[in-house]
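The following exercises are to be worked through with the sequence and the three-dimensional structure at hand. Each task is followed by a stepwise solution.

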Amino acid sequence: MPATIIDGRAAAAELRARIAHDVTELPEPPGLATLLVGDDSASAVYVANKRRQCVQAGMRDLHHHLPADIAEHELAALIDALSADPDVTGILLQLPLPAHLDTAALLARIHPDKDVDGLTEASAGRLALGTPGLRPCTPAGITVLLDRAGVHLDGAEAVVVGRSNLVGKPMAQLLLQRNATVTVCHSRTHDLAAVCRRADVLIAAAGVPTMIGPDAVKPGATVIDVGIHRTETGLRGDVDTDAVLGIAAAITPVPGGVGPMTIAMLLRNTVTAARLTQRARAAF
Ligand code: NDP
């Protein structure tokens, strides 16, 4: 039987509807500050999508488009001001930044309760410790997809291919929190296919087109394809989907799998940020 296709577009639409409802129950609409530095066309498209979906969900769009040659101290001062501003619920610094800017130092200035991308050291620490906080959007979206598809994680063998701070590491942490037995692979892993074949749940996030083939998939596995690659034959992922359809039990397509969930999770994080701020205010 061919694998079930996990529909990320439908999952994201459901999530967005739920978020729009949650927004109406907050004391005031959350405000999402997006910071776009320079004129990179791909980044501009991503930010435009995020802003549009933010407004559609009933949130306030607080956009800052900054010149590519902005001085680091100016951008740092803006992030500090937004972090301190009670009207700003979430702050998103669109990456990559121009080369003269220190990404890690700038991210570190974002208040952890407003870190809607979940990329600051504070958010990574909260994730590692399992305390409440904002989780990186792509891996958090994958856990929602797995739950919606009814995938059993407790005690399952999960293999994550990739160990980036953006996807692989937080994915492994989230799976561990859900009691999966987690293995993380990377470019130095010996016999990658053999390790992947152990997986009940295989997350492919290496950024190498169609590298996961039939020799790397256990019969009946759930395969999550995070990769996105523009090829001559269209968008492709890290998984050779056609070749593993007859082996896996369920698989995310590219496009239409993990991708649509990422922005939806940004919106969910903005609602979570609003609640974190409310809680912090109530504590004083
Ligand atoms: P990075 O390049 O930051 O990390 C890639 C990771 O994969 C590294 O840990 C690297 O290992 C590992 N890797 C690379 N080649 C191999 C290999 N041949 N065998 C095993 N491991 C390998 O990428 P990201 O994590 O940022 O993104 C991964 C993919 O996901 C990309 O295609 C990206 O476009 C996509 N993506 C999709 C999103 C979505 O919303 N759908 C969101 C974010 C990313 P090492 O550490 O040893 O170098």
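A polar contact is a pair of N or O atoms within 3.5 Å; within protein, one must be able to donate a hydrogen and the other to accept it, and residues adjacent in sequence count only if both atoms are side-chain atoms. The model is a predicted one, in which local features need pLDDT of at least 70 and side-chain atom pairs count only at pLDDT 80 or more, while totals for chains, interfaces and linings use all residues. Residues are numbered from 1 along each chain as its sequence is written, and side-chain values use heavy atoms, with hydrogens and water left out.

**Exercise 1. The ligand and its surroundings**

Describe the shell of residues around the ligand, and state which atoms of Arg163, His186 and Val226 approach the ligand.

Solution.

Step 1. A residue is counted as near the ligand if one of its heavy atoms lies within 4 Å of it. The ligand is surrounded by 22 residues, and the closest are Arg163, Ser164, His186, Ser187 and Thr262.

Step 2. Examine the polar contacts. In the side chain of Arg163, an N or O atom is 2.7 Å from an oxygen atom of the ligand. For His186, a polar backbone atom is 3.4 Å from a nitrogen atom of the ligand. A nitrogen atom of the ligand also lies 3.5 Å from a backbone N or O atom of Val226.

Step 3. Consider the covered area, computed by the Shrake-Rupley method with a 1.4 Å probe; for residues, only the protein chains shown count as cover. The ligand taken alone exposes 920 Å², of which the protein buries 68%.

Step 4. Classify the shell. Its residues comprise 11 nonpolar, 10 polar and one charged. In this scheme Ala, Val, Leu, Ile, Met, Phe, Trp, Tyr, Cys and Pro count as nonpolar, Asp, Glu, Lys and Arg as charged, and the others, Gly among them, as polar.

Step 5. Assign the shell to secondary structure, where helices (H or I, at least four residues) and strands (E, at least two) are DSSP runs numbered from the N terminus. Helix α10 (residues 258-282) contributes the most to the shell, with three residues.

**Exercise 2. Cysteines**

How many disulfides does the structure hold? Locate the nearest cysteine sulfur for Cys137 and for Cys185.

Solution.

Step 1. A disulfide is a pair of cysteine sulfur atoms within 2.5 Å. The structure holds zero disulfides.

Step 2. Cys137 is in no disulfide, and the nearest cysteine sulfur, that of Cys54, is 13 Å away. For Cys185, also in no disulfide, the nearest cysteine sulfur is that of Cys196, 5.1 Å away.

Step 3. Assess exposure: buried means under 20% relative accessible area, exposed over 50%, and partly exposed in between (1.4 Å probe, protein chains only). Cys185 is buried, at a relative accessible area of 1%.

**Exercise 3. Backbone geometry**

Identify where Pro96, Pro255, Asp191 and Thr210 lie, and describe the backbone at each site.

Solution.

Step 1. Begin with the cis peptide bonds. The bond from Leu95 to Pro96 is cis, with omega near 0°; Pro96 is placed in the loop between β4 (90-93) and α4 (103-107). Val254 and Pro255 are likewise joined by a cis peptide bond, with omega about 0°, and Pro255 is in the loop between β11 (250-251) and α10.

Step 2. Turn to positive phi values. Asp191, a residue other than glycine, has a positive phi near 45°. Asp191 belongs to the loop between β6 (181-185) and α8 (192-196) and counts as exposed, at 53% relative accessibility.

Step 3. Thr210 also has a positive phi near 45°. The loop between β7 (201-204) and β8 (222-225) contains Thr210, which is partly exposed with a relative accessible area of 34%.

**Exercise 4. Domains and distances**

State how the chain is divided, and compare separation in sequence with separation in space for the pairs Pro29 with Gly58 and His229 with Gln177.

Solution.

Step 1. An automatic or database domain assignment supplies the domain bounds. The chain is divided into domain 1 (29-111) and domain 2 (137-260), and 29 Å separate their centres, taken over C-alpha atoms.

Step 2. Pro29 lies in the loop between α1 (8-24) and β2 (31-37). Pro29 and Gly58 are 29 residues apart in sequence and 6.6 Å apart in space, C-alpha to C-alpha.

Step 3. His229 is in strand β9 (residues 229-231) and counts as buried, at 12% relative accessibility. His229 and Gln177 are 52 residues apart in sequence and 30 Å apart in space, C-alpha to C-alpha.
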